Amino acid sequence: KQWYQRRVRGVRNKSPHMHLWHGGSSQVHLFIHPDGSLTKHKLGPDLKNGEEMQVLSPGNVWKLSYTTDQTKWSIITECVCPGWEERDFEYGDADSLSAEYPQHEDIIRKYCKKKDD
């Protein structure tokens with residue numbers, strides 16, 4: 001698989017992040033909120049069909065993302081305020097996130113890699 005076709009770990013940030021789409025394939029962001037609810041946002045240029053050029057990722061949510069065209073790349077920018085700090089960033093893995101949010105296990109295992117992958 002190409003690097004852009006690989007699953008990545010889920011990420012959680014303490015601070016909100018603004019995600020801005022710049023080019024390539026549209027990109028889907030799935031947010032798993034602390035209460036277990038799931039929201040889906042599609043970043044891309046097709047505003048008429050519900051895509052957004054930017055989306056705010058709230059703080060303390062788990063984010064999974066993938067490109068809609070698995071053969072293409074996507075370019076986004078993440079803006080953080082206050083500035084990004086490594087201590088505010090956390091990786092998740094498919095096993096731990098599935099245990100915490102079993103209602104979303106299928107989605108988590110599809111888009112998030114295991115700790116040892």
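## Burial and overall dimensions

In this predicted model, 36% of the 117 residues of the protein count as buried. The protein exposes about 7,200 Å², and carbon and sulfur atoms supply 50% of that area.

The radius of gyration of the protein is 14 Å, which agrees with the value near 13 Å that a compact globule of 117 residues would have. Taken along the principal axes, the C-alpha atoms fill a box of roughly 35 × 35 × 25 Å. Among the contacts in the protein with a separation of 6 or more, 74% are accounted for by residues 24 or more positions apart.

## Secondary structure

The protein contains 2 helices and 8 strands. Read from the N terminus, the elements follow the order β-β-β-β-β-β-β-β-α-α. The strands discussed below belong to two open sheets, one of 5 strands and one of 3 strands.

## The five-stranded sheet

The order of strands in this open sheet is β4-β3-β6-β1-β8, and the pairing is antiparallel. Strands β4 and β8 (89-92) stand at the edges; each has a single partner strand, so one side of each is left without a neighbour in the sheet. On average, neighbouring strands of this sheet are turned by 25 degrees against each other, direction ignored.

Strand β3 (residues 27-32) runs antiparallel to strand β4 (residues 38-43), and 6 bridges join the two. One residue pairing involves H29, whose bridge partner in β4 is H41. The hairpin of β3 and β4 has 5 residues between the strands, and in this hairpin G36 takes a positive phi near 95 degrees.

## The surroundings of V28

V28 is located in strand β3. Its relative accessible area is 2%, under the 20% cut-off, and V28 is therefore classed as buried. Leaving aside neighbours within four places in sequence, V28 is in contact with K40, H41 and K42, and also with L64, S65, Y66 and T68.

A further spatial relation links V28 with T67: the two residues are 39 apart in sequence, while their C-alpha atoms are 6.2 Å apart in space.

## The three-stranded sheet

The second open sheet has the strand order β5-β2-β7, again with antiparallel pairing. Strands β5 (54-57) and β7 (74-80) are at its edges, and because each has a single partner strand, one side of each is left without a neighbour in the sheet. The twist from one strand to the next averages 25 degrees.

Strand β2 (residues 17-24) pairs with β7 in the antiparallel sense over 7 bridges. Within this part of the model, L20 stands opposite T77 in β7.

## A positive phi at N60

Which residue other than glycine has a positive phi near 65 degrees? The residue is N60. Most residues other than glycine have a negative phi.

N60 is placed in the loop between β5 and β6 (62-67). The relative accessibility of N60 is 40%, so this residue counts as partly exposed.

## Helix α2 and residue E105

E105 belongs to helix α2 (residues 105-111). At 32% relative accessibility, E105 counts as partly exposed. Along the chain, E105 and A94 are 11 residues apart, and their C-alpha atoms are separated by 8.1 Å.

## Cysteines

How many disulfides does a search of the whole structure find? The search finds 0 disulfides. A disulfide is a covalent bond between the sulfur atoms of two cysteines.

Are C79 and C112 buried or partly exposed? C79 has 36% relative accessibility, which lies between the limits of 20% and 50%, so C79 counts as partly exposed. C112, by contrast, has a relative accessible area of 0% and is buried.

Notes
Residues are numbered from 1 along each chain as its sequence is written. This is a predicted model: local features need pLDDT of at least 70, side-chain atom pairs count only at pLDDT 80 or more; totals for chains, interfaces and linings use all residues. Side-chain values use heavy atoms; hydrogens and water are left out. A disulfide is a pair of cysteine sulfur atoms within 2.5 Å. Buried means under 20% relative accessible area, exposed over 50%, partly exposed in between (1.4 Å probe, protein chains only). Two strands pair if DSSP finds at least two bridges between them. Helices (H or I, at least four residues) and strands (E, at least two) are DSSP runs, numbered from the N terminus. Axes are lines fitted to C-alpha atoms, for helices over the stretch in contact, and angles run from 0 to 180 degrees between N-to-C directions. The radius of gyration is taken over C-alpha atoms; the globule rule is 2.2 Å times the number of residues to the power 0.38. Contact means heavy atoms within 4.5 Å. Accessible areas come from the Shrake-Rupley method with a 1.4 Å probe; for residues, only the protein chains shown count as cover.
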